[in-house]
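Reader: I am new to this structure and would like a friendly tour. Could you take me through it step by step?

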Amino acid sequence: IEPLRASLCEKNKVAKYNDSKKEMRFMNGSIIYFLCCNCDNDAMRFSGIEFDVLMIDEATHFKKEWLDKMRACVRGANNFPKRIYYTCNPDGVSLTYIKRLFIDRRFEVGENPDDYSFIQSLLTDNQALMKADPEYMAYLESLPEKLKQAWLNGRWDVFEGAYFEEFRTTPDPQLCYEAGITVEEALKEHRYTHVIEPFDIPDSWKIYRSYDFGYGKPFSVGWWAQDYDGCLYRILELYGCTSTPNEGVKWAPSVQMDKIAEIEAEHPWLKGKQIRGVADPAIWEKSHGLSIADEADKRCIWFEPGNNNRIQGWMQIRERLKFDENGFAMMYFFSNCKAIIRTMPLMMFDEHKVEDLDSSLEDHACDECRYMCEMFTIPPRIITKEPVIISDPLNQFTKGGPLDRYKAQIRRT
């Protein structure tokens, strides 16, 4: 505000600034409003306002619902071209939303691709800043790797600040390069990614079901297959959400259970299977008469109470998401499971419980995923990598060198 005030109000005297209202009025009647949005109530204050141009700084730090409310204000009967500008870094709660529109360009119904344009600007493009603060480059280079890649190199495929930063919807090109394979080969081999294309489930694999109840908020059901090594595959899901994120379809428990029973009776992956289920312990609550679990029992849908230790459950998800030395994980998601693929990257740390996930977010699919992982806990996976040898003047680490001969002697002994 101060630079604009000095230039437009004090020096050129073409506008007047009202500090209490945080607005700048020009001689021709134009107005610049300087507004903030820190909570849901702030977002509601935008109702009824009309803007010709909207500029949002650090847009990825605003919830998508807030961005939608602000975008709805860009309207009017005049002929002035309506525009919206977002400036942001590859981080924050709306990273995946902004990335979908401007980087991946995956558009949904009602979104016109011609309305969205992305202009990348790296630190090296800002010559004024580089000249004024030459040490800023060194500061960015000293940041943790993921944050450095995002802020310095402008990479949108790292998830600094995300709760499940291990989660990958596509293989990391750098990891594929280091492994000597292409991204296409990695996808085919299920390496360095957690989202894979569906395949026919072997009849001998066991099938499981996880469930998180919701009414005003979405309910979530996930069906899982487990292979002989204990790896979990989310093969199917039912997500009770409207077209508005985090808004439930308001199905009664009986309707939800009817739909689950219908899917399990008809879907070829589930039909005729003995399915063991796990759910939020709250569904056994009977304060209003028949519990949700009772509704399930009436339809021969069996659940057992899930472990509700949140931190322990999140740790189990992270352990399964880890890639081993060859790029394989212990949990995968079929590409048809849209809800978990959409919402898992959105999860952020709770500001007050630093080890927990922010439960105000759309965490319903992640919750039932947590119950599933705690049914079959795995120990911490210790990932070992070959050390990078910077200097080896005595050829101790070369193939067939002294170290290799020593290891061979030990094996023979």
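Author: Gladly! Please keep in mind that this is a predicted model.

Reader: How many helices and strands are there in the protein chain?

Author: Let me set the scene with the extent of the C-alpha trace, which spans about 85 × 75 × 40 Å along its principal axes. As for the elements, the protein chain has 15 helices and 12 strands.

Reader: What share of the residues of the protein chain count as buried?

Author: Contacts give some background here: among those with a separation of 6 or more, 60% are between residues 24 or more positions apart. The chain has 413 residues, and the share that counts as buried is 42%.

Reader: Which element gives the most to the largest nonpolar core?

Author: In soluble globular proteins, nonpolar side chains tend to be buried together. Here the largest nonpolar core has 71 residues, and the members that touch the most others are Phe-164, Tyr-211, Trp-223, Ile-235 and Met-344. The element that gives the most to this core, with seven residues, is H14.

Reader: How many residues does the second, separate core have?

Author: Phe-51, Tyr-86, Tyr-97 and Trp-156 are among the members of this second core. Its size is 21 residues.

Reader: Which residues does Met-344 touch, not counting residues up to four places away in sequence?

Author: Met-344 is one of the residues that touch the most other members of the largest core. With residues up to four places away in sequence left out, the partners of Met-344 are Phe-164, Phe-167, Ile-317, Leu-321, Phe-333, Cys-366 and Cys-369.

Reader: Is Met-372 buried or exposed?

Author: Met-372 is found in helix H14. Leaving out residues up to four places away in sequence, Met-372 touches Tyr-208, Ser-210, Trp-224, Leu-232 and Val-278. The relative accessibility of Met-372 is 0%, so this residue counts as buried.

Reader: What distance separates the C-alpha atoms of Met-372 and His-288?

Author: Along the chain, Met-372 and His-288 are 84 residues apart. In space, their C-alpha atoms are separated by 27 Å.

Reader: Why do the buried residues of H10 line one face of the helix?

Author: The residues in question are Gln-256, Met-257, Ile-260, Ile-263 and Glu-264. They line one face because, seen down the axis of H10, they fall within an arc of 125°.

Reader: What covers those buried residues of H10?

Author: Helix H10 covers residues 253–266, and its end C-alpha atoms are 20 Å apart, in agreement with the span expected for 14 residues. Its buried residues are covered by elements including S7, strand S8 (220–226), S9, strand S10 (275–279), helix H11 (292–298) and strand S11 (303–305).

Reader: How many aromatic pairs does a search of the whole structure find, and what is the angle between the planes of Tyr-163 and Phe-349?

Author: The search finds 25 aromatic pairs. In one of them, Tyr-163 and Phe-349 are 4.8 Å apart, centre to centre, and the pair is tilted, with an angle between the planes of 55°.

Reader: How many residues apart are Tyr-163 and Phe-349?

Author: Tyr-163 is in the loop between helix H7 (145–151) and helix H8 (173–179), while Phe-349 is in the loop between helix H13 (338–343) and helix H14 (364–375). Tyr-163 counts as buried at 1% relative accessibility, whereas Phe-349 is partly exposed at 35%. The pair links distant parts of the chain, and the separation is 186 residues.

Reader: Which residue lies over the face of Tyr-163?

Author: There is a charged end over a ring elsewhere too: that of Arg-209 sits over the ring of Phe-303, 4.9 Å from its centre. Over the face of Tyr-163, at 4.2 Å from the ring centre, lies Arg-318.

Reader: Where is Glu-58, and where is His-190?

Author: Most residues other than glycine have a negative phi. Glu-58 has a positive phi near 55°, and His-190 has one of about 60°. Glu-58 is partly exposed, with a relative accessible area of 27%. Its place is in the loop between strand S4 (53–57) and helix H3 (64–71), and that of His-190 is in the loop between helix H9 (183–189) and S6.

Terms used: Residues are numbered from 1 along each chain as its sequence is written. This is a predicted model: local features need pLDDT of at least 70, side-chain atom pairs count only at pLDDT 80 or more; totals for chains, interfaces and linings use all residues. Side-chain values use heavy atoms; hydrogens and water are left out. Rings of Phe, Tyr and Trp (its six-membered ring) pair if their centres lie within 6.5 Å; planes under 30 degrees apart count as stacked, over 60 as edge-to-face and the rest as tilted. Helices (H or I, at least four residues) and strands (E, at least two) are DSSP runs, numbered from the N terminus. Buried means under 20% relative accessible area, exposed over 50%, partly exposed in between (1.4 Å probe, protein chains only). A charge sits over a ring if NZ of Lys or CZ of Arg is within 6 Å of the ring centre and within 35 degrees of the ring normal. A nonpolar core is a set of buried Ala, Val, Leu, Ile, Met, Phe, Trp, Tyr and Cys residues joined through side-chain atoms within 4.5 Å. Contact means heavy atoms within 4.5 Å. The expected span of a helix is 1.5 Å times one less than its number of residues. The arc is that of the directions from the helix axis to the C-beta atoms.
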